[in-house]
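Please open the model in your viewer and keep the sequence panel visible beside it. The tour moves from the whole chain to single residues, with a suggestion of what to select at each stop.

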Amino acid sequence: MTLLRSLAAGVGLAALASSAFAQSAPSTEEVATLRAQVQALSARLEQLEAQSRASAAALVAPVVAGTPSSVAAPMPVQTAAATTPAPAAPAAVDWATGLPEMRSPDGGFTFKPRIRVTADLSTTFGSDDDSRNLTTTELRGLRLGAQGKTPGGFSYWIEGDIADNAVSVANAFIAYSRKLGGRDLEISAGQRLNDRGVEGGTAEDQTPFLERSLMASTVGPERGAYGVGVTSKLVGNVWHGSLSVTGDAISSGTTNDSVTVMARTHWSPFKTEAGHLHLGGWGFVEDLTPNAVVASRSLVVSSRGNDNLRLLAGAYADPKGSKGLGLELGGVQGSGWLMVEGGRRVLETAARNYDQDAYSVSAGLFLTGEKPPLSTKTGTWGRPKVLNPLGADGYGAVEIVGRYDTADYSDNPTGGEGETWLLGINWYPTNNTRVSTHWSAWSINNRSGAILGGDSGDTVTLRVQTAF
């Protein structure tokens with residue numbers, strides 16, 4: 001405003017100067033008129049300057065007092081919008097479990113590969129029959145597959161296994177999941193592992209032992225550990241129940257399938273941070289194909305790499321069906337665990353019924369403080385969560401395990417019987433890797449097959465495994 005006033009004065013002077021040059025002798029009236037005009041212009045400029053200062057004060061006052069104004073109001077809105085984080089979209093690829101799990105932007109679709117590689121070195125000694133004293137190497141299993149989810153509560157799982165120079169299909173099913181009364185309900189169709197006891201219902205790469213017990217191999221349907229059909233599971237926090245109706249495992253389709261109805265339940269009472277009790281039971285009824293001949297079961301004893309060391313169940317002509325019942329009792333306390341499983345299968349034939357009995361007692365202890373991964377929801381084993389993975393500051397998890405198991409087929413004159421005592425060490429460098437050394441003392445008495453009579457010896461097996 002000072003500049004405007006200066007300009008006004010300059011205009012007045014310029015007017016006077018012009019008048020002076022225009023008239024060499026201006027009159028008194030003319031000078032008075034010009035002076036009045038300059039004063040009026042100066043007063044007008046002062047009024048405008050006062051109005052300008054008032055407007056500026058009106059704009060500044062609301063900001064100082066904290067009162068929003070029409071000019072300042074948009075600023076806080078813009079600041080809040082800039083500082084509020086947008087909802088995070090699901091990561092396109094998640095490597096948390098060691099293999100990439102791919103997800104769609106909305107998380108509705110997922111895809112994850114599955115890989116398992118298991119290699120064994122085994123030696124057997126002390127047998128009275130030299131053909132059983134073998135040292136073998138074996139690719140125990142190479143399993144490749146994938147699993148994922150689709151919108152609407154559906155999921156899928158498919159795996160192929162390469163073992164013993166043969167390719168087979170393991171899990172291959174589609175499932176639908178939803179909440180039912182606050183519990184998890186799953187209904188699946190396809191081929192999947194039996195829910196049959198703690199060891200029998202656990203994937204091979206997650207059991208504490210290198211091979212399932214004689215009990216898990218004995219008390220089961222003729223079709224084995226897999227069957228194609230429908231399975232339902234209802235899972236709570238400390239219990240679960242399952243029911244399945246299945247035919248045979250994936251086959252060539254040249255004969256009629258047997259039909260098996262199987263159910264299992266378990267309960268984990270007294271659950272605390274330190275551990276829990278485990279109670280369970282299961283059973284099945286199977287209708288075998290008419291006029292079939294049930295081949296002699298050849299049960300693994302200590303190591304799958306030694307095919308000369310097997311327990312033979314004997315043959316059964318004209319079978320009609322079978323029934324089986326199993327019980328489970330055990331629990332977890334701190335870093336230790338104990339489990340007892342036992343059962344009986346009754347094989348029905350046209351001539352008579354035959355009893356097949358088996359049981360096992362097993363235990364383990366993590367020397368490095370890990371909690372045994374026995375699920376209170378499913379009643380099966382998982383992978384241990386290693387507290388200090390192998391690295392600069394860690395050396396992995398170390399577990400010692402032991403087991404006694406026995407099977408008796410002697411109700412059949414051609415059936416054998418056997419038992420094993422096992423002691424082993426499992427080292428888990430990471431959650432997905434495992435190195436195990438297991439020693440077992442075995443004794444068997446076969447009444448059929450190439451090697452007859454009683455025999456005993458020792459088997460030591462070293463396994464290296466990675467599974468994702």
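Helices (H or I, at least four residues) and strands (E, at least two) are taken here as DSSP runs, numbered from the N terminus. This is a predicted model, in which local features need pLDDT of at least 70 and side-chain atom pairs count only at pLDDT 80 or more, while totals for chains, interfaces and linings use all residues. Residues are numbered from 1 along each chain as its sequence is written, and side-chain values use heavy atoms, with hydrogens and water left out.

**The whole chain**

Begin with a cartoon of the protein chain, which contains four helices and 20 strands. Buried means under 20% relative accessible area, exposed over 50%, and partly exposed in between (1.4 Å probe, protein chains only); of the 468 residues, 39% count as buried. With accessible areas from the Shrake-Rupley method and a 1.4 Å probe, for which only the protein chains shown count as cover for residues, the chain exposes about 23800 Å², and carbon and sulfur atoms supply 63% of it. A contact means heavy atoms within 4.5 Å, and among contacts with a separation of 6 or more, 59% are between residues 24 or more positions apart.

**The nonpolar cores**

Next, select Val219, Val301, Leu311, Ala407 and Tyr409, the residues with the most contacts inside the largest nonpolar core, which has 20 residues. Such a core is a set of buried Ala, Val, Leu, Ile, Met, Phe, Trp, Tyr and Cys residues joined through side-chain atoms within 4.5 Å. The elements that give two or more residues to this core are α4 (214-218), β11 (275-287), β16 (353-366) and β19 (433-446). Centre the view on Val301 and, leaving aside neighbours within four places in sequence, show its contacts, which are Leu309, Arg310, Leu311, Thr420, Trp442 and Ile444. Apart from the largest core lies another, of nine residues, among them Trp337, Met339, Leu374 and Leu422.

**Salt bridges across the sequence**

With a salt bridge defined as a side-chain nitrogen of Lys or Arg within 4 Å of a carboxyl oxygen of Asp or Glu, the count comes to 29. Select Arg463 and Asp120, whose side chains meet in one of these bridges at 2.7 Å, N to O. Arg463 belongs to strand β20 (residues 453-467) and Asp120 to strand β3 (residues 110-125), so that the pair links distant parts of the chain, 343 residues apart. Both Arg463 and Asp120 are buried.

Move on to Arg264 and Asp195, which form a salt bridge at 2.8 Å, N to O. Because Arg264 lies in strand β10 (residues 259-267) and Asp195 in the loop between β7 (183-193) and α4, this pair ties together parts that are 69 residues apart in sequence. Arg264 and Asp195 are both buried.

A further pair to select is Glu286 and Arg345, where the closest N and O atoms are 2.8 Å apart. Glu286 lies in strand β11 and Arg345 in strand β15 (residues 336-349), so the bridge ties together parts that are 59 residues apart in sequence. Here too, Glu286 and Arg345 are buried.

**A network and Arg212**

Now display Asp120, Arg140, Glu204, Glu211, Arg212, Arg304 and Arg463 together, since these residues are linked in a network of salt bridges. Within this set, zoom in on Arg212, which is found in the loop between β7 and α4. A polar atom of the Arg212 side chain lies 3.0 Å from the backbone oxygen of Glu199, and a polar atom of that side chain lies 2.5 Å from the backbone oxygen of Thr202. Leaving aside neighbours within four places in sequence, Arg212 is in contact with Leu193, Glu199, Gly200, Thr202, Ala203, Glu204 and Arg403.

**Strand β10 and its partners**

In a regular strand the side chains alternate between the two faces of the sheet. Show the side chains of β10: Thr260, Met262, Arg264 and His266 point to one face and are buried, while Val259, Val261, Ala263, Thr265 and Trp267 point to the other and are not. Two strands pair if DSSP finds at least two bridges between them. Strand β9 (residues 239-246) runs antiparallel to β10 and is joined to it by eight bridges, with Trp267 in β10 as the bridge partner of Trp239. β10 also pairs with β11 in the antiparallel sense, over nine bridges, and Thr260 stands opposite Glu286 in β11.

**Last stop: Asn256**

Finally, select Asn256 in the loop between β9 and β10, an exposed residue with a relative accessible area of 59%. Not counting residues up to four places away in sequence, Asn256 touches Asp248 and Thr289. The C-alpha atoms of Asn256 and Thr289 are separated by 6.4 Å, although the two residues are 33 apart along the chain.

Terms used: Polar contact = N/O pair within 3.5 Å; in protein donor to acceptor, adjacent residues only side chain to side chain.
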